[in-house]
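User: Please take a close look at the ligand site and describe what surrounds it. Then follow the packing outward from there.

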Amino acid sequence: MAMSYLFTAPTSCFARPRKSLRDLSSRLGSQSFLEWELLGKAACEKRGGGQIGKNSLTVFCQQGVVSVARKDEAVSQSFDGSTAQLNIVMKFGGSSVASAERMREVADLILSFPNECPIIVLSAMGKTTNKLLLAGEKAVGCGISHVSEMDELSFVKELHLKTVDELAVDRLIVSGLLDELEQLLKGIAMMKELTLRTKDYLVSFGECMSTRIFAAYLNKIGAKARQYDAFDIGFITTDDFTNADILEATYPAVAKRLHGDWIRDPAIPVVTGFLGKGWKSCAVTTLGRGGSDLTATTIGKALGLREIQVWKDVDGVLTCDPNIHPKAEPVPHLTFDEAAELAYFGAQVLHPQSMRPAREGDVPVRVKNSYNRQAPGTLITRSRDMSKALLTSIVLKQNITLLDIVSTRMLGQYGFLAKVFSIFEDLGISVDSVATSEVSISLTLDPSKIWSRELIQQELDHVVEELEKISVVNLLQGRSIISLIGNVQRSSLILERAFNVLRKNGVNVQMISQGASKVNISLVVNDSEAKQAVAALHEAFFEDGFNAEIQSDDGRHRTAPACFPTIDPLNSHCPTLGSYLRVPSLSLPPRRSAFGR
Ligand SMILES: Nc1ncnc2c1ncn2[C@@H]1O[C@H](COP(=O)(O)OP(=O)(O)O)[C@@H](O)[C@H]1O
Ligand SMILES: N[C@@H](CC(=O)OP(=O)(O)O)C(=O)O
């Protein structure tokens, strides 16, 4: 990419229609490009500029640069070589773009950052994805003649047509897609079958419509925008329909397309979240529920952007799920590892895989509230000062299955772990948490890990059948994992307090595991006790000043009570925890790399 300088031009970054450009140049009067260049350089020096680097020097879309690019579309740079760069990605989830009013607010929000050149990533409006999935499932059994009357289809149609009407953009933007959607549902009804591939195609209508409407609205209000379907601009994925992985080829392809178009003809890119194109099938794929976060971080890495902003309906990542405990508070700063662990262990706020590109590209992620712009949100970066950190967040994942697997062979047998995990690999089943001893393993499976596929009883029976060839197996369903995300350097203190609270609440911990990432201690409890346990833990750590107190006193003076031995969770056995306290140092990449699923 071309070298660029940072300066604050007195004009908006946003590409404007020609009229606005003319207005602008007359407002700018006789100020020449050379003067602008000097101004830019001066500002650059003021900010300690001089280095040339991805994160240090960026042109804030000086309007003159845009004008030059317009005069000669092949020319991407102003005469001094500086280029207006796309510099941030702003992702808005379904809750942020749920209606015409919300779309107006989001547009206003974007335009309130005139010095940024954003790429916008949008999810489907509101609950559209759920409605489309329901429609697909109903279509399988309802018969072609009933498709048109289906409530879910009517809901999707009404929502999108109402939105285009209220925003006063052309109905044609979505009417063709709505007709196509109805045809697809009729096809599903005719085939009486909804494959994963068709499911992905079906839900893709949500993002395809929201982005078209929003781009049309931006254009209407004078902020030049261009809509992109992710599957057309290089989002290349595996062919794992409903849960596809982004392939490496995506990064250069997406960068080339978005950057190239921007340089030729600047317009705010509005990209569909969640969608990709299978590399073998060339069919539309999706990245798993909540996958637009991953789209945003992929773009952030691909273009080496300054920041990835993920706009939600909460004030950032919170100390726990606000639906479980309303006193949850925003967490100001997280590391990529903490955020990944939090997402992986069930915090709905971020897609489990989304931190990976951000970490690889070292692009900070900011989680903000589109309903409360002023709230500082959560900043997620590679590292943070952990010296005073204790507990950051509590995450609950319900309805998991606990498997106790004990080797039938003698102590000292080698290869047992490998055999057990090869069974999971062969069956394509993802494992969440693990605790082992030499001859036994406890692990948890998440039945809802793959959104479209329940680990149904039949499948569990099959797992048990395979494992029983080499072990004695005890399968326990209806369990929950409570993950304590924080500074595991202080695990003794965390565990001391956590177990005190759990004991007082009569909650029995059935397994404990500390992941190799060193930011997470997982406790397995009964589903029926889980929510109450999370609320009690939250109260004990965040609501009575304990976290704050520990932050001012580094904890050296605190001693564990007699009933709670100070535990080194990596190597200890604790009689109160059953036989599976020892935690393996192996990090289990259930399906993929150690950093993701
Ligand atoms: N630890 C947490 N921090 C913040 N939000 C959480 C947390 N756990 C669960 N949530 C839920 O996640 C929701 C935001 O995620 P999501 O619905 O995917 O947002 P969007 O659709 O806007 O991308 C919040 O409304 C909140 O209810
Ligand atoms: N629309 C998709 C993708 C997504 O990311 O949605 P959201 O950002 O609203 O969680 C879903 O509902 O899963």
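Analyst: The account below starts at the ligand and then turns to the core and one helix. This is a predicted model, in which local features need pLDDT of at least 70, side-chain atom pairs count only at pLDDT 80 or more, and totals for chains, interfaces and linings use all residues. Residues are numbered from 1 along each chain as its sequence is written, chains are lettered from A and ligands numbered from 1 in the order in which they are written, and side-chain values use heavy atoms, with hydrogens and water left out.

The residues around ligand 2 include Lys91, Ser123, Thr129, Glu207, Phe274, Arg289 and Ser292; a residue counts here if one of its heavy atoms lies within 4 Å of the ligand. Polar side-chain atoms of Lys91 and Arg289 each lie 2.7 Å from an oxygen atom of ligand 2, and for Ser292 the distance is 2.9 Å. Ligand 2 exposes 340 Å² when taken alone, and the protein buries 83% of that (Shrake-Rupley method, 1.4 Å probe).

The largest nonpolar core (buried Ala, Val, Leu, Ile, Met, Phe, Trp, Tyr and Cys residues joined through side-chain atoms within 4.5 Å) has 142 residues, and Ile299 is among those with the most contacts inside it. Helix α9, residues 196–220, gives the most to this core, with 11 residues. Beyond its neighbours within four places in sequence, Ile299 is in contact (heavy atoms within 4.5 Å) with residues including Val254 and Leu258.

Val254 and Leu258 are among the buried residues of α10, buried being under 20% relative accessible area with a 1.4 Å probe, protein chains only.

Technical notes: Buried < 20%, exposed > 50% of the residue type's maximum accessible area, 1.4 Å probe, protein only. Helix = DSSP H or I, 4+ residues; strand = E, 2+ residues; numbered from the N terminus. Polar contact = N/O pair within 3.5 Å; in protein donor to acceptor, adjacent residues only side chain to side chain.
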